[in-house]
Amino acid sequence: MAHPSIVILTGAGISAESGLGTFRDEGGLWAQHRIEDVATPEGFARNPQLVVDFYNARRAQAAEAVPNAGHAALARLQAEHPGDVLLVTQNVDDLHEKAGSPDVLHMHGALNSALCGACEQRWPAPLEMHVGEACPQCDAPTARPDIVWFGEIPYQMERIEQALLNADIFAAIGTSGNVYPAAGFVQMAAHVGAKTVEMNLDPSETVALFEETRPGKASETVPEWVASILGS
Ligand code: BV8
């Protein structure tokens, strides 16, 4: 194929070497907090302070984090590959942006964005959000982290599905394949004949669905993979 179109899905594993905790690894975020308390709308309604504190802590940590060679390699691919590249991330940090990636699709939202629970207005989140903050658009005291919680619909699904239907290559990087609909993207890509590759420290839940696996740390596997794509 002349210029293959590429869809990339990243997860917490690509940010691990930048010091940001993953979810399901030893001592990960879900070992410290119950998902239902900090990553569901019900948890937010029950105890908004706990949820706001959880995301304030992660926002502060992400603000200090530095992208690693895995993020940089993807930014290089976007800059140098002549075909389409869609970078979809489940991550809410901005390390892809800090590495120079343009147009990052945050399907689970972003720490740096705030959302109005009443009118759905979005604005840049302050480093520290507070419960009951007023929306700059409708003035209701309903500001919340602009994060897709469990039970909520991920962002830009149509755009992602369209790209997967046209993909020649699908790469999943640093994700355990536990969370849907992201974990189902490999099946959609394989269904249209795309070449599928997983780059992960440990085999994901969906590893059997990938044609190729490149086990290891993202800071090593991703630059190697990008060099193979750009060299071909
Ligand atoms: C939806 C908030 C309907 C942001 C997150 C039963 C069956 C199937 C599905 C469901 C079910 N019951 C409920 C569901 C749906 C549910 C779901 O999937 N639940 C799971 C747990 C069973 N999904 C939803 O609710 C989603 N919404 O379904 O709406 C719908 C769908 C489509 C269309 C219309 C309607 C909403 C999901 C989003 C939830 N929000 N987080 C935040 O707080 O950050 S999910 C959370 O998990 C994060 O977003 C995170 O990105 C995501 C996935 O985790 P990973 O990124 O994979 O991280 P993890 O720690 O798991 O793995 C890290 C991996 O990296 C490991 O494999 C490790 O080996 C590797 N690694 C570590 N170090 C390195 C490394 N790899 C390389 N290098 C390293 N150095």
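Biologist: In which strand is the place of Ile 169?

Modeller: This is a predicted model. Strand S7 spans residues 169–173. The place of Ile 169 is in strand S7.

Biologist: Is Ile 169 buried or exposed?

Modeller: Its relative accessible area is 8%. Buried means under 20%. With that value, Ile 169 is buried.

Biologist: Which residues does Ile 169 touch, not counting those up to four places away in sequence?

Modeller: Two stretches of numbering supply several of them: Pro 4, Ser 5, Ile 6 and Val 7, then Ala 194 and Lys 195. The list for Ile 169 closes with Trp 225 and Ile 229.

Biologist: What separates the C-alpha atoms of Ile 169 and Val 197?

Modeller: Along the chain, Ile 169 and Val 197 are 28 residues apart. In space, their C-alpha atoms are separated by 7.9 Å.

Biologist: What is the volume of the largest cavity?

Modeller: The structure holds 1 cavity of 30 Å³ or more. The largest cavity has a volume of about 80 Å³.

Biologist: Which residues lie nearest the centre of the largest cavity?

Modeller: The lining comprises 16 residues. Strand S7 and helix H9 (185–191) each supply at least two of them. Nearest the centre lie Leu 9, Thr 175, Gly 177, Ala 182 and Ala 183.

Biologist: Where is Thr 175, and with which residues is Thr 175 in contact beyond its neighbours within four places in sequence?

Modeller: Thr 175 has its place in the loop between S7 and H9. At 16% relative accessibility, this residue counts as buried. Leaving aside neighbours within four places, Thr 175 is in contact with Leu 9, Gly 11, Gln 90, Asn 200 and Ser 204.

Biologist: What kind of aromatic pair do Phe 44 and Trp 149 form?

Modeller: A search of the whole structure finds 4 aromatic pairs. For Phe 44 and Trp 149, the centres are 5.2 Å apart and the planes make 35°. Planes under 30 degrees apart would count as stacked and over 60 as edge-to-face. The pair of Phe 44 and Trp 149 is therefore tilted.

Biologist: How many residues apart in sequence are the parts that this pair ties together?

Modeller: Phe 44 lies in helix H4 (residues 41–46). Trp 149 lies in the loop between strand S6 (143–147) and helix H8 (157–165). So the pair ties together parts that are 105 residues apart in sequence.

Biologist: What is the relative accessible area of Trp 149?

Modeller: Its partner Phe 44 counts as buried at 19%. Trp 149 is buried too, with a relative accessible area of 2%.

Biologist: Which residues form one aromatic cluster?

Modeller: Phe 54 and Tyr 55 form an edge-to-face pair, 4.8 Å centre to centre with 75° between the planes. Both Phe 54 and Tyr 55 are buried. The cluster consists of Phe 44, Phe 54, Tyr 55 and Trp 149.

Biologist: Which element gives the most residues to the largest nonpolar core?

Modeller: Of the 24 residues in this core, Tyr 55 and Trp 149 touch the most other members. Elements giving two or more residues are helix H2 (29–32), helix H5 (48–64), strand S4 (109–116) and S6. The most, 5 residues, come from H5.

Biologist: Over which ring does the charged end of Arg 122 sit?

Modeller: The charged end of Arg 122 is 4.8 Å from the ring centre. That ring belongs to Tyr 155.

Key
Residues are numbered from 1 along each chain as its sequence is written. This is a predicted model: local features need pLDDT of at least 70, side-chain atom pairs count only at pLDDT 80 or more; totals for chains, interfaces and linings use all residues. Side-chain values use heavy atoms; hydrogens and water are left out. Rings of Phe, Tyr and Trp (its six-membered ring) pair if their centres lie within 6.5 Å; planes under 30 degrees apart count as stacked, over 60 as edge-to-face and the rest as tilted. Buried means under 20% relative accessible area, exposed over 50%, partly exposed in between (1.4 Å probe, protein chains only). A charge sits over a ring if NZ of Lys or CZ of Arg is within 6 Å of the ring centre and within 35 degrees of the ring normal. A nonpolar core is a set of buried Ala, Val, Leu, Ile, Met, Phe, Trp, Tyr and Cys residues joined through side-chain atoms within 4.5 Å. On a 1 Å grid over the protein atoms alone, a cavity is a set of points where a 1.4 Å probe fits but cannot get out, and a pocket is an open set with protein on both sides within 12 Å along at least five of seven lines; lining residues have an atom within 4 Å of a point. Grid points are joined across faces, edges and corners, and a volume is the space filled by probe spheres set on the points. Contact means heavy atoms within 4.5 Å.
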